[in-house]
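Thanks for making time this morning. I would like to walk you through one structure, beginning with its sheet and then moving outwards to the helices, and I will stop at a few places where the packing can be followed residue by residue.

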Amino acid sequence: MSFVEAMTSGAFPVSLEITPPRTSKPAVLRRRARLLEACTLTVNVIQRPERQSSLEAALALRREGLEPIWHLATGGRSRDAIASDVARAREGGIGHVLCLRGDHVAETPGTRVPDAIGIVREQAPGMAIGAALDQYHEDERADRLLAAKLHAGAASVWTQPVFEMAPLLRAAEFVKTQRAGAHVVAMAMPLLTSESLDAISERLRIPAPEELRGRIAAGEGEAWRAFEETLAALAETEMVDAVAIMTYRADPPEGTGEHIVEALRRAGISEAAGAATDR
């Protein structure tokens with residue numbers, strides 16, 4: 001069963017978001033992709049400057065028999081360049097793409113995300129298309145852009161890390177009203193130190209709730225419980241269809257994978273994910 005099929009069936013699947021290595025290192029990529037292998041249906045590959053491209057990493061994972069989600073970053077890139085990448089992805093058997101602006105800094109603005117979504121629909125009509133959602137920055141301009149992505153053909157949205165439920169629920173409701181059947185994939189991220197919380201907050205420009213800060217300060221056990229409670233809240237919310245797990249470090253400390261799997265199990269998610277994987 002694919003990730004999209006699992007969401008449609010109500011199985012609440014799990015994706016793992018990873019950062020590819022700086023250069024092609026198959027063993028490193030494989031290790032990162034298999035951190036939560038028993039629980040995940042997909043591996044969501046970030047596009048970052050000065051690293052192996054998301055497309056190259058996704059193609060490598062596809063050859064390994066995994067289901068990767070390719071990050072198609074549009075910033076500073078022409079329609080022709082994007083069309084060429086879509087053709088490569090289609091020929092390489094990639095069935096899922098996340099279209100987003102990306103971190104790329106260029107003199108030219110590049111291609112609009114809704115236009116990139118249109119290119120994917122035209123050249124790879126069977127490919128599942130997702131778009132990025134920042135639930136913490138709500139205004140009319142952000143809503144118009146999100147609506148444009150959905151109307152262009154994005155069938156799912158992938159959020160920033162969820163530290164508070166209220167912004168997520170507001171954004172999810174907007175998504176569902178804009179496109180019937182659209183899926184919401186919420187990101188969950190275990191953060192165990194105040195330093196990691198501050199770093200993520202600054203990098204992604206999202207708020208760091210004081211309640212979460214206090215729980216992290218209370219010790220690692222309480223920080224893991226906060227993560228587990230977030231997972232449970234996401235699984236219980238009808239507006240959310242799946243969860244994407246991301247770790248603070250590209251190569252997290254030993255035992256992190258086991259902690260995450262246990263948190264998924266306690267939240268009642270791993271059973272559903274495992275059932276979906278077995279089908």
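What you have in front of you is a predicted model, and in it eight strands close into a barrel, taken in the order E1-E2-E3-E4-E5-E6-E7-E8, with parallel pairing. From one strand to the next, the twist averages 30°.

Let me start where the barrel closes, at strand E8, which covers residues 242–246. Which way do its residues point, and are they buried or exposed? Ala242, Ala244 and Met246 point one way from E8, while Val243 and Ile245 point the other way, and all of them are buried. The general background is that side chains in a regular strand alternate between the two faces of the sheet. Because five of the five residues of E8 are buried, this strand is largely enclosed by the rest of the structure.

As for the partners of E8, E1 pairs with E8 in the parallel sense over four bridges, and there leucine 16 has isoleucine 245 as its bridge partner. Strand E7, residues 183–188, is also joined to E8 by four bridges and runs parallel to it, with methionine 187 standing opposite alanine 244. Elsewhere in the barrel, three bridges join E2 to strand E3, residues 68–73, again running parallel, and in that pairing valine 43 stands opposite proline 68 of E3.

Turning to the helices, I will take H2 before the others. In H2, residues 26–33, the buried residues are Val28, Leu29, Arg32 and Ala33. Looking down the axis of H2, these buried residues fall within an arc of 130°, so they line one face of the helix. What do they pack against? The buried residues of H2 pack against strand E1 (14–18), strand E2 (40–45) and helix H3 (54–63). On the other side of H2, Pro26 and Ala27 are exposed.

H3 also has a helix partner, since the axes of H3 and helix H4, residues 79–91, come within 10 Å and cross at roughly 10°, which means that H3 is roughly parallel to H4. In this contact, Leu55, Glu56 and Leu59 of H3 meet Asp85, Arg88 and Ala89 of H4, and by class the residues divide into three nonpolar, no polar and three charged.

A second helix pair is H5, residues 113–123, with H6, where the packing angle is about 10° and the axes lie 9 Å apart; H5 is therefore roughly parallel to H6. Here Val113, Pro114, Ile117 and Arg121 of H5 meet Leu145, Ala148, Lys149, His151 and Ala152 of H6, and this contact has six nonpolar, one polar and two charged residues. H6 itself, residues 140–152, packs on the sheet, where it touches strand E5 (128–133) and strand E6 (156–161), and its direction makes about 175° with that of E5.

I will finish with a single residue, serine 196, which has its place in helix H8, residues 194–204. Is serine 196 buried or exposed? Its relative accessibility is 3%, and the cut-off for buried is under 20%, so serine 196 counts as buried. If we leave aside neighbours within four places in sequence, serine 196 is in contact with Leu191 and Tyr248.

Notes. Residues are numbered from 1 along each chain as its sequence is written. This is a predicted model: local features need pLDDT of at least 70, side-chain atom pairs count only at pLDDT 80 or more; totals for chains, interfaces and linings use all residues. Side-chain values use heavy atoms; hydrogens and water are left out. Buried means under 20% relative accessible area, exposed over 50%, partly exposed in between (1.4 Å probe, protein chains only). Helices (H or I, at least four residues) and strands (E, at least two) are DSSP runs, numbered from the N terminus. The arc is that of the directions from the helix axis to the C-beta atoms. Contact means heavy atoms within 4.5 Å. Two strands pair if DSSP finds at least two bridges between them. Axes are lines fitted to C-alpha atoms, for helices over the stretch in contact, and angles run from 0 to 180 degrees between N-to-C directions. Angles under 35 degrees count as roughly parallel, over 145 as roughly antiparallel, 65 to 115 as roughly perpendicular and the rest as oblique. Ala, Val, Leu, Ile, Met, Phe, Trp, Tyr, Cys and Pro count as nonpolar, Asp, Glu, Lys and Arg as charged, and the others, Gly among them, as polar.
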